[in-house]
Amino acid sequence: MMMTRCAPSQWLIHALWLAWPLGVAAHPFHISHAEAEWNAETHVLEVAVALDPHDLEAAVCAQAEVEASLDEASFEPLVKDYVRAGFLVNDEAASFHWIGWEVGPKTVWVFFEVGLAGPPTEELSFSNRLL
């Protein structure tokens, strides 16, 4: 029986193809989605942020240095602190009013308001450091 040999470049392609699942598993990604709308009557920016429940639970526990679960009543204040620290306006912690949150099987929505002195201008910048 005759065996054929692969060129070195073919070995590299085979090795990368076999290692692909390992590389994907080694580099998890985290996604959050934020929506903001200016309320001219109340002079606040109404913000809603969608987060992955498992990622949020891990990030909140790491920041608070506690073992906790989304299912616990004591978890909401931890989420509030996490969001307050991770959502900045003009690179500063802003006037923050927690509205609440909704926990679903695939997404956690958090709702809050950010007080501003006046309507948003071109110089207004946001930093969403949540996950």
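Phe87, Phe96, Trp98 and Phe112 are linked by ring pairs into a cluster, in a model that is predicted. The structure holds 5 aromatic pairs; one of them joins Trp109 and Phe111, whose rings are stacked at 6.3 Å centre to centre with 10 degrees between the planes.

Strand S5, residues 108-115, has two faces: the covered one carries Val108, Val110, Phe112 and Val114, whereas Trp109, Phe111, Glu113 and Gly115 lie on the uncovered one. The two rings of the stacked pair therefore belong to the uncovered face of S5, and their accessibility can be stated for each residue. Trp109 counts as partly exposed because its relative accessibility is 25%, and Phe111 is likewise partly exposed, with a relative accessible area of 26%.

**The sheet**

S5 belongs to an open sheet of 4 strands, ordered S1-S2-S5-S4 and paired in the antiparallel sense. The edge strands, each pairing on one side only, are S1 (32-39) and S4, and the twist from one strand to the next averages 15 degrees. The pairings are set out below, each with a pair of residues that stand opposite one another.

| Strand pair | Bridges | Opposite residues |
|---|---|---|
| S1 and S2 | 8 bridges | Ala36 and Val47 |
| S2 and S5 | 8 bridges | Leu51 and Val108 |
| S4 and S5 | 8 bridges | Gly100 and Phe111 |

Strand S2 spans residues 44-51 and strand S4 spans residues 95-103; S4 and S5 form a hairpin, with 4 residues between them. Helix H3 packs on the sheet, where it touches S4 and S5, and its direction makes about 130 degrees with that of S4.

**The nonpolar core**

The largest nonpolar core has 26 residues, and those with the most contacts inside it are Val79, Val83, Val110 and Phe112. At least two residues of this core are supplied by each of S2, helix H2 (53-64), helix H3 (75-86), strand S3 (87-89), S4 and S5. Val110 and Phe112, both named among the residues with the most contacts in the core, lie on the covered face of S5. Phe112 is also a member of the aromatic cluster, together with Phe87, Phe96 and Trp98.

Val83 offers a further view of this region: leaving aside its neighbours within four places in sequence, Val83 is in contact with Phe96, Trp98, Val110, Phe112 and Leu130. Among these contacts, Phe96, Trp98 and Phe112 are members of the ring cluster. In soluble globular proteins, nonpolar side chains tend to be buried together.

Conventions
Residues numbered from 1 in each chain as written. Predicted model: local features only at pLDDT ≥ 70, side-chain atom pairs only at ≥ 80, totals over all residues. Heavy atoms only, no water. Phe/Tyr/Trp six-rings, centres within 6.5 Å; stacked < 30°, edge-to-face > 60°. Buried < 20%, exposed > 50% of the residue type's maximum accessible area, 1.4 Å probe, protein only. Pairing = 2+ DSSP bridges. Core = buried A, V, L, I, M, F, W, Y, C linked by side-chain atoms within 4.5 Å. Contact = heavy atoms within 4.5 Å. Axes fitted to C-alpha atoms, helices over the stretch in contact; angles between N-to-C directions.
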